[in-house]
Structures are given as C-alpha cells and as structure tokens.
Amino acid sequence: MGDHVRLGRVLVSVGSAPYSVTLFCRFRDPGEIDVTGLPARTVSVRPPLATFTLLALNRAERNASCSEVHQALRAFAPPGVYQPHPKVLKRSSLQTSTR
C-alpha cells in the first residue's frame, strides 16, 4: 500500500461561491478518496472525483489563497496532472488584486 494518494488530474478554479477557491481532483483509484475531516465532497466514485473548497474572508484573501495553491501545484504536481482553470491563468496578479 502506497504512502501517498495518486492524483490523475487536478483543476483549480476561483470558486462560484463568494470568496472561494475550488480544487477538482480526479484520483487514480476510487479507494483513495477519503475526505473525512476535510473541506471536501465526493462527487463520484467511478471515475473517482472529489472537490475541495477553500473559503476566504474577502476577495484579496481568496486571490492570495488561489495564487498559493496555483504556485504549489505548478511546482510540485507530477507532469500532466495539474490543469489550472482559465480563470486562474487570466489573473496575472492574484496575490495583489483586491477586485
């Protein structure tokens, strides 16, 4: 049994809820989805999909969180796994934006 979850694909978007960032995660194995205690919800088991929603107090905090998640996934996700949503790529100054 592996020590880490194997993601097939991750998409990050500025969420539809006010001041939220959403991660859409597709796992390689349905048995790997265990969202107990996490801000997540299982969307389906076949294919194994889950969403994680991060809530912020305001737009600036939301943009900073989105930027941090984007940078971390860009740096550390295996090749081909991370797909930033076009909304994320359009925001060239997420950390400093207050809009």
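What share of the contacts in the protein with a separation of 6 or more is accounted for by residues 24 or more positions apart? In this predicted model, such residues account for 52% of those contacts, a contact being heavy atoms within 4.5 Å. Residues are numbered from 1 along each chain as its sequence is written, and side-chain values use heavy atoms, with hydrogens and water left out. Local features need pLDDT of at least 70 and side-chain atom pairs count only at pLDDT 80 or more, while totals for chains, interfaces and linings use all residues.

A good place to start is the overall layout. The protein has 2 helices and 5 strands, arranged along the sequence as β-β-β-β-α-β-α. Helices (H or I, at least four residues) and strands (E, at least two) are DSSP runs, numbered from the N terminus.

Strand β4, residues 49–55, has partners in both β2 and β3; pairing requires that DSSP finds at least two bridges between two strands. With β2 (residues 20–27), the pairing is antiparallel over 7 bridges, and Ser20 stands opposite Leu55 of β4. With β3 (residues 40–44), β4 again pairs in the antiparallel sense, over 4 bridges. Here Ala40 stands opposite Phe52, and a hairpin of 4 residues joins β3 to β4. In a regular strand, side chains alternate between the two faces of the sheet.

Turning to the surface, about 6700 Å² of the protein is exposed, 54% of it supplied by carbon and sulfur atoms; these areas come from the Shrake-Rupley method with a 1.4 Å probe. Of the 99 residues, 31% are buried, meaning under 20% relative accessible area.

Technical notes: Buried < 20%, exposed > 50% of the residue type's maximum accessible area, 1.4 Å probe, protein only.
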